[in-house]
Amino acid sequence: MERWQGRVAVVTGASAGIGAAIVEDLVESGMVVVGLARREDHLLKIKDKLTGKPGTFHPIKADITKEEDFDKAFEWIQNNLGGLDVLVNNAGVVVTSYISDGNLEDWRKIFELNVFAAGACAREAVKSMRARNIDGHIININSICSHWIPNLPGIAPYSASKHAAKVISEGLRMDLASQKSKIKVTNISPGLVATPMLDSFKEGKELNIFFEPLNAKDIADAVHYVLGTPPNVQVTELIIRPVQERI
């Protein structure tokens, strides 16, 4: 991770859970980290916690599905930090909705954040990296739901969004490779993780989980690992699952 010290990382969905754990790890590794999230109070608590660490943390309140917030955030990054070297697309939402119900409002909400906003963030990251001719890294925090549909009630629309996000991630990697770019793209697909997102999914539903879920630090460790690979090594897909998980 030495080559990333002092360089700029942007983490979306940074206010809690996996995003907060990734922010903490990158700041501990000496990076300049920008955290984007809607809950400013949570971001400020993280900033206080990370005071005095090897790196620095810049919290920005932003809803990346809103064009005005999105543009202001990336403009601030460009004007104040000169651009970004690492993007961690972590923001995501899970809304359970049965296909037979056809709840298009829920489906739009899922795709707006999990697919469209993630793709737009990747676009801005590539633009910044190309302008400075750097070998940056884009990491998309996805889900095992991007590989198959787990047997969980109402999960299909969320799984569809994660399938789409995986295709966007791999398509970006192929585009960059065809252009002889050194920018890396990694898709990280965790199984069940004990986060507020899992709590919201379980609300009102009976989930029989007979194994210990992953925790947020496990995913932060995975990000740390892929960032630490040599310049000629690209981890394109990393699936992380709890021991005994069967869904």
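In which sense, parallel or antiparallel, do strand 1 and strand 4 (residues 86–89) pair, and over how many bridges? In this predicted model, the two strands run in the parallel sense, and three bridges join them. One of the contacts can be followed residue by residue: A9 of strand 1 has V86 as its bridge partner in strand 4.

Strand 1 is also paired with strand 2 (residues 32–37), again in the parallel sense, here over five bridges. Within this pairing, V10 finds its bridge partner in V34 of strand 2. Between these two strands the chain passes through helix 1 (residues 17–28), and the resulting β-α-β crossover is right-handed.

With strand 2 and strand 4 as its partners, strand 1 is a good place from which to look at the surroundings. Five of the five residues in strand 1 (residues 8–12) are buried, so the strand is largely enclosed by the rest of the structure. The burial holds for both of its faces: V8, V10 and T12 point one way, A9 and V11 point the other way, and all are buried. A9 and V10, the residues picked out above for their bridges to V86 and V34, thus appear on opposite faces of the strand.

Stepping back to the sheet as a whole, seven strands form an open sheet in the order 3-2-1-4-5-6-7, with parallel pairing. At its edges stand strand 3 (56–61) and strand 7 (237–240); each has a single partner strand, so one side of each is left without a neighbour in the sheet. From one strand to the next, the twist averages 15°.

Attention may now turn to the internal space. Rolling a probe the size of a water molecule over the atoms shows where empty space is left. The structure holds one cavity of 30 Å³ or more, and the space in the largest cavity comes to about 170 Å³. Its lining is made up of 20 residues, with N89, N114, A118, N140 and A165 lying nearest the centre. Helix 4 (104–131), strand 5 (137–141) and helix 5 (156–178) are the elements that give two or more residues to this lining. Of the contributors, helix 4 gives the most, with six residues.

In chemical character, the lining of the largest cavity divides into 10 nonpolar residues, nine polar residues and one charged residue. Among the residues nearest the cavity centre, asparagine appears at positions 89, 114 and 140, alongside alanine at 118 and 165.

Definitions and conventions
Residues are numbered from 1 along each chain as its sequence is written. This is a predicted model: local features need pLDDT of at least 70, side-chain atom pairs count only at pLDDT 80 or more; totals for chains, interfaces and linings use all residues. Side-chain values use heavy atoms; hydrogens and water are left out. On a 1 Å grid over the protein atoms alone, a cavity is a set of points where a 1.4 Å probe fits but cannot get out, and a pocket is an open set with protein on both sides within 12 Å along at least five of seven lines; lining residues have an atom within 4 Å of a point. Grid points are joined across faces, edges and corners, and a volume is the space filled by probe spheres set on the points. Helices (H or I, at least four residues) and strands (E, at least two) are DSSP runs, numbered from the N terminus. Ala, Val, Leu, Ile, Met, Phe, Trp, Tyr, Cys and Pro count as nonpolar, Asp, Glu, Lys and Arg as charged, and the others, Gly among them, as polar. Buried means under 20% relative accessible area, exposed over 50%, partly exposed in between (1.4 Å probe, protein chains only). Two strands pair if DSSP finds at least two bridges between them. A crossover is right-handed if, with the strands pointing away from the viewer, the path from the first strand over the helix to the second runs clockwise. Axes are lines fitted to C-alpha atoms, for helices over the stretch in contact, and angles run from 0 to 180 degrees between N-to-C directions.
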